[in-house]
Amino acid sequence: MRRHLIGIEGLTKEDIYSYLNNAATFVEVSERELKKVPPLRGKTIVNLFLEPSTRTRVSFEIAGKRLSADTINVGASDSSITKGETLLDTARTLQAMAPDIIVMRHKESGAPHFLAKHLEKTSIVNAGDGMHEHPTQALLDLLTLKHHFKERSAGIEDLTVAIVGDIRHSRVARSNIWAHLALNNRINLVGPPTLIPEEFRHPRLFGEKINIIHDLKTGLRGADVVICLRMQLERQTDKFVPSLEEYSQEYCVNERALQAANPGCVVLHPGPANRGLEVSSAVLDGAQSLMQKQVNFGVAVRMAVLFALATGKTVSEGKSE
Ligand code: NCD
């Protein structure tokens, strides 16, 4: 059966661990001198990136190549979408060439789900759709944490996770929220009221699992993990903060603010980062930051996802909308 990975919402804890455990195998491959294994030989993967991306696109391409798949990259400027072709027509054209997987990044939320519904023979991987989800980012964040907390008896469970900043516009935040809810972790959403979306304010739905906190130090208190988010100015149609200067005074994750967190707390950032705005350089380059590890584990996670979808050895798809 054809499978997709559209989102983390709807995945169970077991689904998540299944991806992470497969990824652990590929971490080992990435540490070899010859970093190539044969399982996807003869498979074709199209990386359809219709929004700017450096790390995610390169990471998917390396992942496909390390699995011996043939990978083809299509960007916004070299696709016929700039000539007025609809997304569906572009995708149907690509499908006629029988790729096994299309990895897709798109500025509209729901675009990968739309393709998954309309293409019969190709698996779709969401590499970030608008403000909706970025499932492989959440999985690579979890793999990074799993590695870091490997000596901890509860592993990546029973953690307090503070997600700080522009949550409203962040697909990384949404995918991580669903992931940490599945793992039953405590989540603090920290930021100004204007940047915290209504959807997570329902105590009936989220019980005590999600706390919404507008003061940075209070939000970081007791945190084991801090996920910093980029201020996504390109998505902000309104003015959500009085000024960037005031925002950074209140919400920049710096060494002083981090003192409120648990000793041993680690800091994640999906990149690209606005240094000095949402996170200080001292924190980003400091001992608590796992940012480079995230990029490193990203390749293994994407190998696990591509492998699972292309070989059929996979878990459920996750809710699509
Ligand atoms: C993120 C994205 O594009 O959603 N970046 C990434 O994939 N590493 C986060 C961001 O752009 O802020």
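## Surroundings of the ligand

In this predicted model, the shell around the ligand is formed by Arg55, Thr56, Arg105, His134, Gln137, Arg171, Val172, Arg230, Gln232, Pro270, Gly271 and Pro272. Two elements, H2 and helix H6 (171–182), each give two or more residues to this shell. The ligand itself sits in the largest pocket.

Three side chains approach oxygen atoms of the ligand. An N or O atom in the side chain of His134 is 2.7 Å from one ligand oxygen atom. For Arg171, a polar side-chain atom lies 2.7 Å from an oxygen atom of the ligand, and a polar side-chain atom of Arg230 likewise lies 2.7 Å from an oxygen atom of the ligand. The ligand taken alone exposes 320 Å², of which the protein buries 94%.

## Helix H2

Helix H2 covers residues 55–66, 12 residues in total. From its first C-alpha to its last, H2 reaches 16 Å, close to the 16 Å expected at 1.5 Å a residue. Arg55 and Thr56, which belong to the residues surrounding the ligand, fall within the 55–66 range of this helix.

The buried residues of H2 are Thr56, Ser59, Phe60, Glu61, Ala63, Gly64 and Arg66. Thr56 thus appears both among these buried residues and in the shell around the ligand. Arg66 has a further relation to a loop residue: its C-alpha atom is separated by 9.0 Å from that of Leu40, the two residues being 26 apart along the chain. Leu40 is found in the loop between helix H1 (13–31) and strand S1 (44–49). Leu40 counts as buried because its relative accessible area is 0%, and buried means under 20%.

## The loop between S9 and H11

His269 is found in the loop between strand S9 (266–268) and helix H11 (281–284), and Pro272 lies in the loop between S9 and H11 as well. His269 counts as buried because its relative accessibility is 2%. The side chain of His269 reaches the backbone nitrogen of Gly271 at 2.8 Å.

Gly271 is also one end of a cis peptide bond, which runs from Gly271 to Pro272 and has omega near -5 degrees. Most peptide bonds are trans. Both Gly271 and Pro272 are included in the set of residues surrounding the ligand, as is Pro270.

## Residues with positive phi

Most residues other than glycine have a negative phi. Ser68, although not a glycine, has a positive phi of about 70 degrees. Ser68 comes just after H2, and its place is in the loop between H2 and strand S2 (70–75). Ser68 counts as buried because its relative accessibility is 15%, and the limit for that class is under 20%.

Asp158 is another residue other than glycine with a positive phi, near 55 degrees. Asp158 is found in the loop between helix H5 (135–148) and strand S5 (160–164). With a relative accessibility of 45%, Asp158 counts as partly exposed, whereas Ser68 counts as buried.

Terms used. Residues numbered from 1 in each chain as written. Predicted model: local features only at pLDDT ≥ 70, side-chain atom pairs only at ≥ 80, totals over all residues. Heavy atoms only, no water. Helix = DSSP H or I, 4+ residues; strand = E, 2+ residues; numbered from the N terminus. Expected span 1.5 Å × (residues − 1). Buried < 20%, exposed > 50% of the residue type's maximum accessible area, 1.4 Å probe, protein only. Near = heavy atom within 4 Å. Polar contact = N/O pair within 3.5 Å; in protein donor to acceptor, adjacent residues only side chain to side chain. Areas by Shrake-Rupley, 256 points an atom, 1.4 Å probe, with all protein chains shown as cover. 1 Å grid on protein atoms, 1.4 Å probe; cavity = no way out; pocket = protein on both sides within 12 Å on 5 of 7 lines; lining within 4 Å. Sits in = over half its atoms within 2 Å of the grid points.
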